[in-house]
Amino acid sequence: MMNLSSTMNAYGCRYCVSPLKQLLHTTNHHLRFRPCSPSLFSSSFNNLKLPNFNLLLTSNSFFFTMEHLWDRSGMNTNKKMVEHLQQYGVISSEKVARVMETIDRALFVPDKTPAYADCPQEIGTGYLTACFAMMVGPQGRAIGVEHIPELVASSVNNIEKSAAAPLLKKGSLSMHVGDGREGWPECAPYDAIHVGAAAPEMPQALLDQLKPGGRMVIPVGNIFQDLKVVDKNPDGSISIRSESSVRYVPLTSRDAQLQS
C-alpha cells in the first residue's frame, strides 16, 4: 500500500519578505502583495529531500527577492526562467526543473508583468500549490489553505488554466478556506508542510500534523526571524535547524489579514 503524504500550504499573510541579505522592494514604504519568486520557491523544493513525497501541505508564499539572478530582456519564456535558475545553481533537482517548466508562471500573475523574471509580481495565487501538486503526482495529494475566500477562488481559477488542472479535477490537489496556523487535520499526517508567513513560535498544530520522517519549512520569529527546517524523526522526536535569516510578515488571523 502506498504511504500517502500531504503538503499543506499555510497561508495567513498578505505580504512576505525574502531573506534580510536580499533587497526589499517597496512602494511608498508599503510592501505590495506579490507571489513567490521562482528562485526561493525552487530552493524550497531542493531542500525537501523526502523519500515518500506523496501528500503535501503547502502555502502560497509571497516573497521579495533580489533581482540579480534574472535578466529582464532574456526572461521571456518559462523554460528560459528555469534554465537561468539552473545556471545559477538555484535549482539542483531535475524533478524541480521539470515541474517548474510544466507550470507556466504567466498563468498566475497579472497581464503585462514580467512573469518569468525572478522577482516578485503583483498578486497571483495558486502557483506554489500547483507546483507542489505536480511534484507529488496523481497518487499523492497537495492541499492549500488560505483565510480569504476570494484568494481561494482566484487560486482555483489560475490552477484550472495550468497543467495542474487534471489534479485539481481528480481531487489530488485542493484549495481550502481556513486558518493555516491550524493546518488541515482532515488529511494529516503530512510528509511535507510549507508555511509562507512567519509564526511567532513553532505552531504545535503543524508539528502534530507532520508525519514521522516528514519535513516542515517555516519562518519563525517576530522582528528577527529564521527560516526553520523541521524534521520529525521516526520515533516522533523533532529536529530543528535554521536555514537562514529571513524577513516575512506574520502568520496572522483572518481579521488581521483583512486589515493589513
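This report describes two parts of a predicted model, a set of strands and a group of packed helices with their nonpolar cores.

**The strands β6, β7 and β8**

Strand β7 covers residues 225-232, and six of its eight residues are buried, so that the strand is mostly covered under the cut-off of 20% relative accessible area. Strand β7 pairs with β6 and also with β8. The table sets out these two pairings.

| Pair | Sense | Bridges | Residues in the hairpin connection | One pair of opposite residues |
|---|---|---|---|---|
| β6 (residues 210-221) and β7 | antiparallel | seven bridges | three residues | Gly 221 and Gln 225 |
| β7 and β8 (residues 238-246) | antiparallel | eight bridges | five residues | Asp 231 and Ser 239 |

In the turn between β7 and β8, Gly 236 has a positive phi of about 90 degrees. As a general point, the side chains of a regular strand alternate between the two faces of the sheet.

**The nonpolar cores**

The largest nonpolar core has 29 residues. The residues with the most contacts inside this core are Met 81, Ile 91, Met 100, Ile 103, Tyr 127, Ile 159 and Leu 173. At least two residues of the core come from each of the helices α2 (78-87), α3 (94-102), α4 (127-136), α5 (149-160) and α6 (165-170), and likewise from strand β4 (173-177). Helix α4 gives the most, with six residues. Another core, of 18 residues, lies apart from this one. Its members include Trp 184 and Val 195, together with Met 216 and Ile 218.

**Helices α3 and α4**

How many residues of α4 are buried? Nine of the ten are buried, and the helix is thus described as mostly covered. The buried residues are Tyr 127, Leu 128, Thr 129, Ala 130, Cys 131, Phe 132, Ala 133, Met 135 and Val 136. After α4 comes Gly 137, whose phi is positive, near 80 degrees.

Helices α3 and α4 pack against each other with their axes 9 Å apart, at an angle of about 130 degrees. Because of this angle, α3 is oblique to α4. The crossing of the two helices is right-handed. On the α3 side, the residues that take part in the contact are Lys 95, Val 96, Val 99, Met 100 and Thr 102. These residues meet Tyr 127, Cys 131, Met 134 and Met 135 of α4. Two of the residues named here, Met 100 and Tyr 127, are also listed among those with the most contacts inside the largest core.

Definitions and conventions. Residues numbered from 1 in each chain as written. Predicted model: local features only at pLDDT ≥ 70, side-chain atom pairs only at ≥ 80, totals over all residues. Heavy atoms only, no water. Buried < 20%, exposed > 50% of the residue type's maximum accessible area, 1.4 Å probe, protein only. Helix = DSSP H or I, 4+ residues; strand = E, 2+ residues; numbered from the N terminus. Pairing = 2+ DSSP bridges. Core = buried A, V, L, I, M, F, W, Y, C linked by side-chain atoms within 4.5 Å. Axes fitted to C-alpha atoms, helices over the stretch in contact; angles between N-to-C directions. Parallel < 35°, antiparallel > 145°, perpendicular 65-115°, else oblique. Left-handed = near helix turned anticlockwise from the far one by under 90°. Contact = heavy atoms within 4.5 Å.
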